[in-house]
Every structure is written in structure tokens, then in C-alpha cells.
Amino acid sequence: MSCSIELKSVSQSFRNNASEKNASTITLFENLDLSIKQGQSYAITGPSGAGKSSLLMLLAGLEVPTSGQGRFINDNHTSTLDNLRAEIGFIFQQFHLLPELTALHNVALPLKLRGDKQAIKKAEYWLEKVGLSDRAKHKPSQLSGGEQQRVAIARALVFSPKFIFADEPTGNLDQHNANEISDILFASCQENNAGLIIVTHNSLLASKAQHIYSLANGELTKALSTNSVNDQQAELKQVASC
Amino acid sequence: MLNHHMQLSWHYFKQEYNQPHQRLLRWVQATLMIFIVTLTLASNTIQHYLQNNLQNLLGADAVLTQKDKLTPQQLTSLKSLSKRIVNTLQINATLTFNGKWQSSKLKAVGDDYPLQGELLTSTSLQSPATVTRGGPVAGNIWLDSRLFASLMLSMGDVIKLGEESFIVARVLIHEPDRLMEGHNVAMRAIVNKLDMGKLAFPADLIQYRYLVSAAKSQVLQLIDWQKEQLPAAKIHHKSGSHPLALFWQRTENFLGLTSIILFFMAAIAIEQIAQVHLKKEQYFSAICMSLGASNVTGVQLSLFKWLINIMVLMPIVAILSSVFHWLVVSWLSATFSEIIWQLDVWLTAKTIATSVLLFAVFHSPVWLTLCQTSVSKLFHQNQKSISLALVKICALVVLVLVAVNYSDNGLLTLMLVGSILITITLIAGISWAVLTLGEKTTQQFSGLVPFTLFMMKQRLLSKSTQILGIGLSTFLLLFTLMFLKDLGDTMGAYQRTHDGNLMVAQASQSEMKAIEQWAKESDVDLRQAKPYLYAKVVKINNQTLNEFAKKPSDSLATLSHAIRLHWTQALPKTNSLVQGKWWIKDTKNWQQISLEEEVMTDLSLTLGDKLTFIIHQQSYTFTITASHVYKPGAGSIIFWVQMPEAAIAHINAPHYNMASLELNDDQWPLLGQLWQQHPTIRMVSLQELTKQFDAILAMITKVISGFAVMIILLAIIVILSSINALEDKEKKKNSVIMSFGFLKATCWQLNIIEWLITALIIATGAIAGTYLTGMLIYQSQFSLSYQPDFLILFITLTIILSTVTLLGIYASRHSLKSSVKQLMADT
Ligand SMILES: Nc1ncnc2c1ncn2[C@@H]1O[C@H](COP(=O)(O)OP(=O)(O)OP(=O)(O)O)[C@@H](O)[C@H]1O
Ligand SMILES: [Mg+2]
């Protein structure tokens with residue numbers, strides 16, 4: 001059972017309404033194709049302002065492209081990206097934990113909202129996975145940035161989404177912490193069979209992904225990943241099995 | 001540098017002008033300032049009016065009033081202390097004509113009247129007023145125009161008073177000593193002094209007034225002499241206080257107490273708004289500091305900005321409060337004739353300055369925190385220092401102290417402040433209990449309600465401030481409205497439970513006999529009759545009244561006049577005992593009294609205190625041995641002060657009676673006959689009483705409605721500011737929830753559930769608080785048993801629930817405009 005997200009010849013542009021007279025349009029990209037598969041990891045790099053975050057929003061179905069369309073293919077059943085909503089989790093550069101909740105309750109939050117009676121148990125399990133079981137009762141303000149991001153990872157994965165979107169997840173962390181966090185993130189997604197899409201400037205982080213894309217001047221190009229040989233083989237196998 | 005900061009503040013002020021927290025702050029401050037300034041201006045106008053009144057309408061340099069004629073020696077002493085004396089006599093009498101009757105103040109004057117000022121009369125209702133020297137000749141009577149109208153008289157008619165006949169000769173337009181008639185709007189008539197003797201009124205009902213012209217030093221001597229020689233007499237002089245001054249002071253105190261409540265609410269709103277200010281300004285200040293500025297810069301900018309924000313309000317406040325002042329004055333002109341509106345810039349400025357100072361105290365936590373801000377604090381947000389809590393508690397204590405100090409009715413104030421505190425505790429308790437229990441019991445269940453309860457419990461601290469703020473406002477509003485409604489109901493009920501529809505307030509022994517006789521002949525039902533005598537308190541524990549009781553109060557105001565002293569063997573059915581022991585039958589120890597409980601509380605009297613009365617020019621000292629309160633159900637004739645029946649044998653004074661009668665419709669016309677023969681019987685029909693009640697009720701309704709509008713306005717501001725304070729947090733929460741794959745609809749549902757729970761807690765707390773307060777205050781202040789109407793309670797609950805929920809959701813609409821995208825963009 002594998003799902004995927006497909007963007008078909010999408011374009012994104014914004015009208016600049018700042019001044020009435022010279023209302024210009026910013027076009028980020030045109031006729032862009034991209035396919036994301038569950039269980040795989042993707043990195044999108046590129047210069048600032050290229051439109052990486054915008055692309056992420058399109059993939060997540062949170063925004064509608066100016067032209068072209070996005071599709072969500074679930075078990076050969078194709079639908080619009082609106083149906084993706086319940087299947088995705090986010091990880092932010094700013095962590096965005098709720099300050100009045102403890103780490104444990106932050107992780108349990110999505111499950112509680114879904115009415116899961118095992119919420120706390122599952123949250124404890126995930127906290128342990130990210131190595132924070134001893135900080136379960138601490139509030140975000142008592143945690144370091146790296147620890148907060150680990151809680152955020154646990155929170156994003158705890159309700160087993162099919163895809164995880166992460167925009168600069170290590171942007172606020174030092175190299176050592178970034179490395180550790182990205183390892184946890186990749187491992188967890190792999191284990192959960194969740195698709196991971198990371199937007200980053202950090203080449204080390206990007207290099208951990210199975211697929212690396214670079215967005216610049218409106219062009220999305222696939223870069224060769226360091227472990228691309230293995231991955232390409234794996235991908236071929238998967239395509240064959242489909 | 002300073003100049004530069006000011007420019008910068010102006011710039012930021014303009015930038016923030018339309019932001020909700022600044023707008024809310026302006027609204028609270030403007031609303032409250034307009035109220036306070038209007039109140040101050042209006043009361044100042046009245047004080048001026050009274051002072052002016054005293055100067056122009058006393059008709060003498062000093063006026064001595066007492067129940068008895070001065071003895072020849074006393075008169076000689078008085079003469080030696082003055083230049084000239086004019087003596088007048090007053091009595092309350094009912095005038096009858098052609099089967100109509102009208103109670104009025106009858107004054108008897110001689111040829112030497114008036115002493116100072118001008119007496120104005122006219123020969124017919126239409127002709128112009130002329131200055132007149134001396135009163136009417138014997139056998140003539142002059143009446144004011146309202147008496148003409150009320151009795152449908154015309155010039156030359158003959159009025160019978162007792163056995164005497166009087167010819168209506170002139171219209172009375174103005175008496176220069178009118179002030180002494182005080183605030184009462186009774187209709188007035190004048191006869192010659194010689195006729196007063198012929199009328200043979202009971203001597204003790206006549207009031208003797210001596211108008212004195214004297215130099216200032218003589219007036220001072222006169223006052224000393226009166227204190228020494230005539231302690232039961234009353235003296236008014238030009239440099240003293242207006243007869244209405246005490247009454248007005250008490251009204252002012254009451255208004256002061258109500259404005260304290262409004263300040264309470266404003267303090268809550270400002271506290272909520274300050275949280276937003278603090279966050280923004282702390283952030284800004286920290287940035288300034290990270291750019292090398294000192295933290296003084298941040299504080300200065302914040303201060304300037306706040307000052308500008310309040311300064312732009314001042315013209316609006318000044319103009320609007322002047323307009324309101326004008327409206328109030330025109331409304332008051334019905335009561336205080338010839339009162340005029342005047343602009344008072346200095347007082348306006350002073351009042352605004354005081355309010356600004358108070359607002360500054362409420363806002364001071366922001367500046368205090370900014371002083372403590374350091375760059376490192378930027379990294380550790382959410383740190384609340386203890387000193388802030390201390391400042392807030394101090395502000396609260398200041399408010400309470402001012403409130404207690406302001407009021408004349410210590411018990412009522414304490415109860416009000418007490419019930420506010422009780423309500424705060426109650427609401428805090430209810431929110432804790434509901435959220436904790438709710439969360440515990442719904443843990444097993446899935447769904448949005450348990451989740452909302454869980455989230456609210458986790459944010460108990462910030463949530464409970466919001467709940468407390470809105471809850472307290474709702475409580476105050478509810479209490480005000482309930483008070484208004486119940487006051488109306490009580491007045492209605494009073495009329496119904498009143499036994500008899502004709503009350504006799506004062507009848508001498510012979511008059512009482514005539515009443516009994518008349519009742520028997522006309523087959524009228526005489527319900528109750530109770531005897532009393534007049535007594536005036538001159539000393540408490542050997543101190544004069546004013547030395548003993550420093551604060552004005554209802555009780556003090558009453559005790560400064562002669563009171564009705566009732567005697568009885570056993571505890572009357574209309575009373576119950578609250579303190580001490582009632583005297584045994586035919587006790588030998590006759591010098592003991594029982595006092596009404598409220599009088600005891602108002603004057604802080606205790607059992608064993610000694611009261612000295614002047615009764616019929618003799619002084620008697622009694623010890624308080626008991627205290628009683630009104631017990632409904634057994635009639636309405638009650639007395640504040642009661643003594644053993646045995647005392648009567650030792651006191652030589654005229655006796656009077658209070659009574660109640662029940663007349664049916666055809667018996668009313670028979671009353672004229674009784675009144676014509678006994679014009680001095682003081683009777684009032686229930687109908688007249690109802691009219692008076694209605695007039696009072698209409699006035700109270702106006703005042704309380706205005707007050708309720710103020711409270712509603714402030715309550716809305718409190719709700720908006722409490723939501724504004726939590727908006728950032730809410731926004732983030734909603735975005736985060738949406739990032740878990742939920743739709744906006746879920747956030748709306750959560751929001752609605754949260755507001756429903758909040759409103760439920762608030763409504764429960766406010767209603768319970770109102771109920772408790774009702775029980776407390778009603779029992780002690782109005783001797784009413786408080787019986788809540790459950791239908792009304794239910795309706796109130798529904799109204800609060802829907803209003804708070806709708807307002808809450810409406811005000812939270814900004815925080816629902818969130819998206820995952822904002823979380824990504826948020827750096
Ligand atoms: N809603 C919008 N309206 C107008 N312009 C927008 C909007 N959203 C994004 N843009 C513009 O599109 C461009 C790309 O933005 P985007 O956030 O996708 O860049 P990015 O590649 O993520 O950059 P960075 O690496 O700095 O995060 C920017 O110039 C931005 O100003
Ligand atoms: Mg970006």
C-alpha cells in the first residue's frame with residue numbers, strides 16, 4: 001500500500017499589489033513536475049527566495065497553484081490534495097510547541113484531538129524514541145532548542161502521518177544538534193514508512209535524503225545524491241513492484 | 001535626546017493607533033474619565049449652589065430653631081448677643097376647602113417680618129409680585145400658588161381651620177427665609193402671629209424660629225451659647241453648612257462607592273490590556289537594547305507613548321463631560337431650582353489629572369517590567385516576577401481602602417467589597433473544580449469536549465484571569481440589575497403588606513381620641529395604634545453627637561433630629577431581638593433602651609453605651625441593653641428606639657401616637673371633617689405614599705440604568721481586552737492544531753466549546769455570587785428574606801451564556817484566521 005503526491009506542470013506566481021501603478025507579477029516557477037512517494041525522503045535546496053517554502057505548501061495542499069494541478073494517489077485511487085490533510089504532519093524551524101503544555105502533553109496533543117485513548121502511552125513511546133523520556137514533565141521553556149525540536153518530531157510522527165513536511169527543521173540549531181536531529185528524523189520516518197520532505201540550506205542535512213532537488217530560477221533540478229546509487233536501485237525495485 | 005525620543009514615541013503611537021490593545025485602552029480610559037469628570041463637575045455645581053443658597057436664602061445672619069418658646073431669660077441673653085430678632089412660628093397643618101384637603105406648612109409672622117431680604121406677594125395669580133413689609137393682618141391668610149391650585153381656591157374664599165375662619169387675601173410668592181424650609185417641597189401658607197394663639201394648636205407641635213441679625217463675632221458667641229444653654233435647639237448661620245449639605249454628602253458618598261466599582265472593572269480591563277502592552281514593549285525594548293540603547297530608552301518611549309495616547313483623549317473627555325454635565329444640571333433643576341451650569345476648566349483638568357494618575361498606577365507593571373528588562377530576558381520569556389504580583393495586589397488593596405473610606409455606610413461597603421471578594425473566590429473555585437473534574441471524568445472519552453477541557457485545564461492560569469475578569473463584570477452587572485428589579489418589587493410588596501391604607505404619623509392624645517371616636521362613628525377599621533414621645537439625642541457616652549460620630553450616615557442624619565421614642569412592656573411582634581436582653585415586665589430599672597441594629601452598626605455603638613436625650617427640655621440618660629430588627633408580617637409600625645413602659649412614669653412630656661386605618665372608598669370623603677377640626681393630625685394616605693414611592697423609584701431607575709450602561713460598556717471592554725491578551729496564544733494553538741491535519745471547522749468547534757464552558761463557569765459564578773450577596777445584603781440592609789426566582793435565574797443564565805459565547809467567538813475571529821503557513825513564515 002503506497003501513496004504518493006504528484007504535481008503536474010504547476011506554476012506559482014504572485015501579484016505584487018504593493019503599488020497600484022506598477023502591479024507586477026512574481027513568478028516563482030512554471031510547468032513544474034514533482035512526484036513524492038510515501039516511505040521515501042526528499043530534500044529541496046536552493047537560494048533564498050527561490051520559492052522552496054511555496055513549493056512545500058503546494059505539495060501539502062495548503063495552497064492552490066496558479067495553474068496546473070496536484071494529485072494525491074492513494075492505492076491507485078486518485079483524488080485532489082484536499083484529501084491529504086489528515087495524512088500529513090509538519091515540523092517547523094521555530095518548533096512551535098505550545099508553551100503551557102509539558103513535553104509529553106505536546107506530543108499527545110494530536111492524538112488527544114483525534115480522541116485516541118492510548119494518547120499518553122503512545123506519546124511516552126515516542127518521547128523515548130527521540131531520547132527525551134526523562135524530560136516528559138518539562139515545559140518547552142525548560143528545554144533547549146534541540147530538545148524542543150525532538151519533541152516536535154515526536155509530535156509530528158505520533159499520529160502516523162503518511163508524509164512529513166519539514167521547513168528548515170535544523171535552521172535554529174548548531175551543527176552537532178542538527179546532525180543528531182536529522183538522524184532521528186530520517187530514522188523515524190523510515191521506521192514509520194512516512195514520506196519526508198525537507199526544505200533546507202544545510203547540504204549535510206540534504207545529503208541524507210534519498211532524493212535531492214534544487215530549486216533555482218524557477219527550475220527544479222534533481223541533484224545526484226551521495227547514496228544515489230543504492231537509492232536508484234531501491235527505486236527501480238519499487239517501480240517494478242508497483 | 002529627550003526631544004528625539006518624543007518624536008520617536010509619536011511615530012510609534014501613530015503606527016499603533018489602530019491596534020486593538022491601544023484602542024481598547026483608549027476606550028476604558030475615556031469612558032471612565034468622562035464618568036468621573038461629569039460626576040465631579042455635577043457635585044461641585046451642587047455644592048456651589050448650596051453655598052450660594054445659604055448666603056441668599058437664610059434671611060438672617062443666624063437662625064435658631066427649637067420646639068419650645070424661649071423663656072424670658074433666654075430671650076434676654078439672645079438679645080444681648082444680637083442686633084435684632086424676629087420670631088416666627090411654624091406648624092404642619094392640613095388645610096381643607098370644599099371637601100378637598102392638602103397638608104401644608106403654616107407659618108405665623110408679625111409686622112416685623114422679614115428680617116433680611118424681601119417678601120414677595122401678589123394680589124392675584126396673574127398679577128406681578130410686589131415687595132411686602134410684614135405678614136397678613138389677623139384673620140387673613142396668604143397661600144402659595146400651588147395651594148391655590150390644589151384646593152381650587154380663589155381670592156376672597158374663606159378657609160376654616162379648627163374653629164377659626166381665614167380670608168384668602170394674597171398669593172405668597174417668595175419668602176426670604178425660605179432656606180429654613182429646606183429641601184421639602186411642602187406647600188406653604190402664612191397667617192398673623194396673633195391668630196396662632198387663637199388656633200390653640202397643641203403647644204408642643206409648634207416650632208419656634210428666631211431670625212437673628214448679628215455681627216460675625218456675635219454669631220460665634222451665639223453658637224457657644226446655644227451649645228451651652230439650648231443643646232436641643234438647632235442653629236444655622238451663614239458661615240455654617242447648608243441644611244441639605246449632609247444629605248448631599250451622603251449622596252456623593254454613594255456615587256463614590258459606585259464609581260469605585262467602575263474603577264474595579266477598569267482595573268481588570270487595563271490589567272488584561274497591559275499584558276499585551278508588556279509583551280510588545282518588552283520585545284521592542286529588548287531590540288533597542290540589543291542595538292546598544294539602555295533600558296531607560298524603552299521605558300521612556302513606553303511612557304511617552306502612553307502619555308500621548310491619553311493626551312489625545314483629553315479634548316474629547318473635556319467636551320463630552322461638559323455636555324453630560326449640562327444634561328445632569330438640567331435634570332437636577334427640577335429638584336434644585338435656579339441651579340445653573342458653568343464651565344469649570346480648572347476642576348475638569350484636576351479631575352482628569354487624578355484619573356490619569358490612577359490609570360498610571362494600573363499600568364505601572366508594564367514600566368516596572370521594562371526597567372528590569374535585559375537582553376537576556378529576551379531568551380527567557382514567560383518569566384513572571386513576584387514584584388509584579390505585588391504591584392497588582394497593592395493596586396487592589398488601594399482600591400479596597402478607597403472604597404471603604406469613601407462610603408458612609410460602613411456595613412454596606414464592607415458587604416459589597418466582601419461579596420466581590422467572595423465572588424472572586426467562588427469563580428476561581430468553580431473554574432478550578434469544573435476544569436479539573438471535567439478533565440478527570442472525560443479522560444476516558446474521546447472527542448472535542450474532553451480535549452477542550454484538557455487544554456483549558458493546562459492553561460488554567462491565563463484562562464482563569466480571563467474568567468475572573470468577565471465573571472466579576474457579569475456579577476456587578478447582575479447585582480445592579482437585580483437590585484433595581486428587587487427595589488421595584490419591594491416597593492410594590494411594601495404597599496401590599498402595608499396594613500391599612502391610611503397612616504397616622506403623628507396624633508396627640510386628644511387627636512387620637514378624636515380619631516378613635518371618628519373611626520367608631522364612621523365604622524372605619526383602626527388597625528394599630530402605638531404611642532411615642534419626641535426625644536433628641538444630644539450626647540453619646542458624654543460626647544456630643546458630632547464628636548462621637550465623625551462619619552456621616554443615615555443614622556446620624558436621623559439622630560440629629562428629634563426621634564420617636566416608643567415604650568413597651570414586651571418585645572413588639574414587629575421586632576426580633578438580635579443582641580442583649582429585653583427588659584422584664586414593670587422593671588424598676590427604667591433607664592434602658594433598645595436600639596435598631598443598623599443604628600448600632602452605623603454609629604459603632606455597643607451594649608452598655610449611654611445615650612443622653614433631651615425630652616421636653618429635660619435631659620435623661622439611658623443605657624443600651626438590647627438591639628432589635630424589623631420582623632415582617634405583623635404590621636409596619638416600627639420604632640428605632642424603644643424603652644420600658646415603666647419609664648413613662650418618670651418622664652413628663654406630651655404623648656403622640658402612630659396608627660394605621662383601613663378606609664373603603666365611600667369613607668374617604670368623611671376624612672375632611674376630621675381634618676378640618678384637627679388640622680395638625682399628620683396623616684398620609686397610601687395613594688400619596690405610592691406616588692412618592694413612584695417618584696423615588698423613577699429617579700433610582702434612571703440613576704441605576706445609567707450606571708448599568710456604564711457597567712455593560714466596561715464589561716464588553718473587559719471581554720475584548722481579555723481576548724486580545726490571549727490572541728497570540730490562541731492563534732498559535734489554532735495553527736498548530738491545523739498542522740496536525742485538522743480543518744478550520746475543528747478550530748471553530750473547539751473555540752465554540754471553549755467559550756460555552758467559559759460562559760457556563762462565569763454564569764454559575766456570577767449567579768451564585770449575586771445570590772450570596774443578595775442573601776447577605778438583603779437580610780441585613782433591607783430586612784428582606786431573599787427569594788430568588790428560578791425562572792428568572794434560568795433566563796439570566798441563558799442570556800449570559802449566549803451573550804458571552806457570542807461575544808467571545810466574535811472577538812476571537814482574528815485568532816481563527818490562522819494557517820499553517822503563518823507558522824512557517826513565523827521566524
Ligand atoms: N502570498 C504571497 N504573496 C506575495 N508574494 C509571496 C507570497 N508568498 C511568497 N511570496 C514571495 O515568493 C518568493 C518565494 O518565497 P518562499 O518563501 O517560497 O522562498 P524560499 O525559497 O522558501 O526562501 P527562504 O529560503 O528564504 O525561506 C518570495 O520572494 C516571497 O516574497
Ligand atoms: Mg522558506
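The following exercises, each with a worked solution, concern a predicted model with chains A and B.

**Exercise 1. Describe the contact between chain A and chain B by residue count, buried area and residue class.**

Begin with the count: chain A brings 28 residues into the contact, and chain B likewise brings 28 residues. Next take the area, which comes to about 2,700 Å² buried between chain A and chain B, with carbon and sulfur atoms giving 68% of that value. Within the area that chain A buries against chain B, 25% is supplied by R85(A), E100(A) and L113(A), more than any other three residues supply.

Then turn to the polar terms, where the rule finds seven residue pairs in polar contact across the interface of chain A and chain B, with both residues at pLDDT 80 or more. On the side of chain A that touches chain B, at least two residues each come from α1 (52-60), β6 (88-91) and α2 (103-113) of chain A. Of these elements, α2(A) gives the largest share of that side, with five residues. Finally, sorting the residues of the side of chain A that touches chain B by class gives 15 nonpolar, five polar and eight charged.

**Exercise 2. Place the salt bridges of the interface beside those of the whole structure, and examine one pair of each kind.**

Across the interface of chain A and chain B, the rule finds two salt bridges. As a general point, side chains of opposite charge can pair when their charged atoms come close. One pair that links the chains joins the side chains of K821(B) and E63(A), at 2.9 Å from N to O, and this distance is within the 4 Å that the rule allows.

A search of the whole structure, over all chains, finds 22 salt bridges. Among pairs inside chain A, K129(A) forms a salt bridge with E191(A), whose closest N and O atoms are 2.1 Å apart. Because K129(A) lies in helix α3 (residues 119-129) of chain A and E191(A) in helix α5 of chain A, the pair ties together parts that are 62 residues apart in sequence.

**Exercise 3. Determine how α4(A) is oriented against α5(A), and how α3(B) is oriented against α6(B).**

For chain A, the axes of helix α4 (residues 145-157) and helix α5 (residues 175-192) come within 10 Å and cross at roughly 10 degrees. Since angles under 35 degrees count as roughly parallel, α4(A) is therefore roughly parallel to α5(A). The residues that meet include G146(A), Q149(A) and I153(A) in α4(A), and I181(A), I184(A) and C189(A) in α5(A). By class, this contact of α4(A) with α5(A) holds six nonpolar, five polar and two charged residues.

For chain B, the axes of helix α3 (residues 72-80) and helix α6 (residues 216-229) also come within 10 Å, and they cross at roughly 155 degrees. Since angles over 145 degrees count as roughly antiparallel, α3(B) is therefore roughly antiparallel to α6(B). Here Q74(B), S77(B), L78(B) and S80(B) in α3(B) meet Q218(B), L222(B) and W225(B) in α6(B). The contact of α3(B) with α6(B) has three nonpolar, four polar and no charged residues.

**Exercise 4. Locate the backbone features at P114(B) and N76(A).**

Start from the general expectation that most residues other than glycine have a negative phi, and that most peptide bonds are trans. The peptide bond from Y113(B) to P114(B) is cis, with omega near -5 degrees, and P114(B) has its place in the loop between β3 (100-109) and β4 (119-122) of chain B. In chain A, phi of N76(A) is near 65 degrees, a positive value in a residue other than glycine, and N76(A) lies in the loop between β4 (67-74) and β5 (77-80) of chain A.

Conventions: Residues numbered from 1 in each chain as written. Chains lettered and ligands numbered in written order. Predicted model: local features only at pLDDT ≥ 70, side-chain atom pairs only at ≥ 80, totals over all residues. Heavy atoms only, no water. Contact = heavy atoms within 4.5 Å. Buried area = accessible area lost by both parts, 1.4 Å probe. Polar contact = N/O pair within 3.5 Å; in protein donor to acceptor, adjacent residues only side chain to side chain. Helix = DSSP H or I, 4+ residues; strand = E, 2+ residues; numbered from the N terminus. Nonpolar A, V, L, I, M, F, W, Y, C, P; charged D, E, K, R; others polar. Axes fitted to C-alpha atoms, helices over the stretch in contact; angles between N-to-C directions. Parallel < 35°, antiparallel > 145°, perpendicular 65-115°, else oblique.
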